[in-house]
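Here's a quick walk through one protein model, from a single residue out to the whole chain. Have the viewer open as you read.

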Amino acid sequence: MSKPSDLVQGTLDVLLLKILALEPLHGWAIGLRLKQISGDVLQVSEGSLYPALHKLEQEGWITAEWKSTENNRHAKFYSLTRLGRKVLGRESAHWDRLSSAISQVLGVKEA
């Protein structure tokens with residue numbers, strides 16, 4: 001049985017896109033925001049987060065820029081591109097259909 005922190009294949013990408021649609025953030029802040037928004041249910045390790053961000057950047061869905069953080073540290077800030085917004089919309093609609101179908105199956109009354 002899966003643990004609550006396990007993510008469905010490909011779900012991390014859409015979660016990262018959604019977080020970056022809210023505002024540009026650096027990696028550590030992205031992980032923190034995911035944890036906060038999900039009520040401490042979802043968290044992502046650095047070993048999963050940074051490869052996923054790199055992949056999204058390679059796809060052209062996000063861009064990265066080196067800036068200073070609020071603590072005056074140098075960090076890579078990620079932001080959503082126009083293409084990333086389009087992908088987020090498409091993937092969000094797909095997730096809505098999928099989660100609705102799963103809820104329907106799980107909601108069927110047993111005989």
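## Leu 106 and its helix

Leu 106 sits in helix α4, which covers residues 82-106. Keep in mind that this is a predicted model. Is Leu 106 buried or exposed? Its relative accessibility is 69%, and the cut-off for exposed is over 50%, so Leu 106 counts as exposed.

Leu 106 also has company out there: together with Trp 95, Leu 98 and Ile 102, Leu 106 makes up a nonpolar patch on the surface. Added up, the four residues of that patch offer about 390 Å² of accessible area.

## Fold at a glance

Zooming out, the protein has four helices and three strands. Read from the N terminus, the order of elements is α-β-α-α-β-β-α.

As for dimensions, the C-alpha trace spans about 60 × 30 × 20 Å along its principal axes. Take the contacts between residues at least 6 apart in sequence: 48% of them link residues at least 24 apart.

## Surface and burial

How much of the chain is buried? The protein has 111 residues, and 29% of them count as buried.

The exposed area of the protein comes to about 7,900 Å². Carbon and sulfur atoms account for 53% of that area.

## Charges

On the electrostatics side, the protein carries 14 positive and 12 negative charges. Average the positions of each set, and the two mean points lie 4 Å apart.

Definitions and conventions. Residues numbered from 1 in each chain as written. Predicted model: local features only at pLDDT ≥ 70, side-chain atom pairs only at ≥ 80, totals over all residues. Heavy atoms only, no water. Patch = residues over 30% accessible without salt bridge, like charges linked within 9 Å, V, L, I, M, F, W, Y side chains within 5 Å. Areas by Shrake-Rupley, 256 points an atom, 1.4 Å probe, with all protein chains shown as cover. Salt bridge = Lys/Arg side-chain N within 4 Å of Asp/Glu carboxyl O. Helix = DSSP H or I, 4+ residues; strand = E, 2+ residues; numbered from the N terminus. Buried < 20%, exposed > 50% of the residue type's maximum accessible area, 1.4 Å probe, protein only. Contact = heavy atoms within 4.5 Å. Lys, Arg positive; Asp, Glu negative; His and termini not counted. Charge placed at Lys NZ, Arg CZ, Asp CG, Glu CD.
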